[in-house]
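Here are my notes for someone opening this structure for the first time. Have the chain on screen while you read, and take the points in order.

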Amino acid sequence: MLLRELMSPHRLDARLGDQSVLGISADSRTIAAGFVFFAIPGTKNDGLSFATQAVKQGAIAIVASNTAATQIANVPIIVVEDVRLALAQAAARFYPRQPALIAAVTGTSGKTSVSVFTRQIWAHLGHQAAALGTTGLIAPSGATYGSLTTPDPVTLHQTLDNLSADGITHLIMEASSHGLDQRRLDGVRLTAGAFTNLSRDHLDYHVTLEAYLKAKLRLFEVLLQPGQAVVIDADSEIAPRVIEACQKRGLNIFTIGRKGKDLQIKQSQPSPTGTHLQLQYEGALHAINLPLSGDFMASNALVAAGLAIVTGGAPASVFHALEHLTGAPGRLEKIATYHNAPIFVDYAHKPDALEKVLLAARPLTHGRLILVFGCGGDRDQGKRPIMGEIAARLADIVIITDDNPRSEDPALIRKAILAATPGASEIGDRANAIAAAIALLQDGDALIIAGKGHETGQIIGTRTLPFSDHETIRALVKEQAA
């Protein structure tokens, strides 16, 4: 590809534009001969400060927003208004192939479950489908690779190009607020979108809930095009704002939930195997035995069903597929049973998600509901006492432990949670906390280990140490049984 083709519509002089581009990157460490380096400005480090290194490694051009600079070591600087946007658009040109149908889901909670469920429904309908998100890339075979909610644009478009080459026709991807705000999805040829809900999260990055919502709305106000379809959980308190934004954009709106106008929950009843739903669609009632527990899981499943319908799926086949769904890893996932008490792992690491999982677990509990959780370091500190209050209100026994303390003093994180959790126990070592909780279990109890879900590492300082709630639980139960 020629440089002028890569950087269209930016005008370049003929001699510069006729250079062949062999690669693109915003990471100077990965630059090689023939690459274009995108110098992304940042609050801590300005990418332009790494331009000299990039040139030494073979960069033929630098893309930057610094209008004061003209060239570095005889390599021209292409000045653009938004480097992140330019990178995303360039990545889409450099890796041009994409699956024919791409849907994106955003919201605070439920993105991973919606993605996993949508892929399963599409597969049930006979499509070659994949999902991309927090738990990684899930291929049609069900195999999972890597993990990042919304990858950087170069990685993302390489992935899209490879998926298309492999015959993937349908892709569902998570759209995080960071990814939307940082233009990572620009250049993705979207077909449809979805919104789950909004609650407090990532305020260390967005600062205010309004700014957080604005980042989410970018999917509907900018990336999706008029006439395209969007599925919205109408039961979310913020749904009217999202619906209004979608109406202004001219999107075709499909709402689900108890307040949904298109796919409405008429009845929801917990069952031994999940949830029995009575749904109304186009005036007809449909009885669904959903193999998932909790109202929030039912909502996620219906968002997925909505996406399948608005992208051409036959409703009857979609509803049939709902009865065969399997949950996403680490989302109210039953790992083991001890003394006839189920032990669940859930990714809940924000107030709303913790509340939902505890409410979902209560009908499954005939005795005491026991909870082990903590809060991450270097993240929104304000949510710690909020989560502590939720734990004290909805669980019978609470053990506060560590969860990715990063650079913070883990004892201070636990202290902030404990301030709102009277009567809770404190066991910093996560494995010991889980062991103590398992030892408490009696017939009829239920245990929730919350916060890490599918994760396989504990971040302490700058190191990620191997740790899995799943493996820890299985090993402890096996040890106790022996």
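1. Start with the open sheet of six strands, ordered β17-β18-β22-β19-β20-β21, where the pairing is mixed. Strands here, and helices too, are DSSP runs numbered from the N terminus: E over at least two residues for a strand, H or I over at least four for a helix. Two strands count as paired if DSSP finds at least two bridges between them. At the edges sit β17 and β21 (425-426), and each pairs on one side only.

2. A word on where this comes from: the model is predicted, local features need pLDDT of at least 70, side-chain atom pairs count only at pLDDT 80 or more, and totals for chains, interfaces and linings use all residues. Residues are numbered from 1 along each chain as its sequence is written, and side-chain values use heavy atoms, with hydrogens and water left out.

3. Now look at the two ends of that six-stranded sheet. Strand β17 (residues 333-338) runs antiparallel to β18, and five bridges join them; one pairing puts Thr-337 with Pro-342 of β18. The two strands make a hairpin with two residues between them, and His-339 in the turn has a positive phi of about 55°. At the other end, β20 (residues 397-400) and β21 run parallel and are joined by two bridges. There, Ile-400 has Glu-426 of β21 as its bridge partner.

4. What packs on this sheet? Helix α13 does, touching β18, β19 and β22. Contact means heavy atoms within 4.5 Å. The direction of α13 makes about 155° with that of β19; axes are lines fitted to C-alpha atoms, for helices over the stretch in contact, and angles run from 0 to 180 degrees between N-to-C directions.

5. Stay with α13 (residues 351-361) for a moment. Its buried residues are Pro-351, Ala-353, Leu-354, Val-357, Leu-358, Ala-360 and Ala-361. Buried means under 20% relative accessible area, exposed is over 50%, and partly exposed lies in between (1.4 Å probe, protein chains only). These buried residues pack against α11, β18 (341-346), β19 (369-373), α14 (383-394) and β22 (446-450). Leu-354, setting aside neighbours within four places in sequence, contacts Ala-348, Leu-371, Phe-373, Met-387, Ile-390 and Ala-450.

6. Leu-354 turns up again in the largest nonpolar core, which has 67 residues; Leu-322, Leu-354 and Phe-373 touch the most other members. Such a core is a set of buried Ala, Val, Leu, Ile, Met, Phe, Trp, Tyr and Cys residues joined through side-chain atoms within 4.5 Å. Helix α11 (residues 295-310) contributes the most to this core, with eleven residues. A second, separate core holds 34 residues, including Ile-102, Leu-180, Leu-213 and Ile-243.

7. There is also an open sheet of eleven strands with mixed pairing, in the order β9-β8-β7-β10-β6-β11-β12-β13-β14-β15-β16. Its edges are β9 (144-145) and β16 (284-290); each has a single partner strand, so one side of each is left without a neighbour in the sheet. Helix α5 (residues 111-124) packs on this sheet, touching β6 (101-106), β7, β8 and β10 (170-174), and its direction makes about 175° with that of β10. Within the sheet, β7 (residues 129-133) and β8 (residues 136-138) run antiparallel with three bridges, and Ala-131 stands opposite Ile-138 of β8.

8. Is Gln-120 of helix α5 buried or exposed? Gln-120 is buried, because its relative accessible area is 14%. Not counting residues up to four places away in sequence, Gln-120 touches His-324, Leu-325 and Thr-326.

9. One more residue to click on is Val-75, in strand β5 (residues 75-79). Val-75 counts as buried at 9% relative accessibility. Outside its neighbours within four places in sequence, Val-75 contacts Val-55, Ala-59, Ile-60, Ala-61 and Ile-62.

10. Finally, zoom out. The protein has 17 helices and 24 strands, and 55% of its 482 residues are buried. Along the principal axes, the C-alpha trace spans about 75 × 55 × 40 Å. Of the contacts between residues at least 6 apart in sequence, 65% join residues at least 24 apart.
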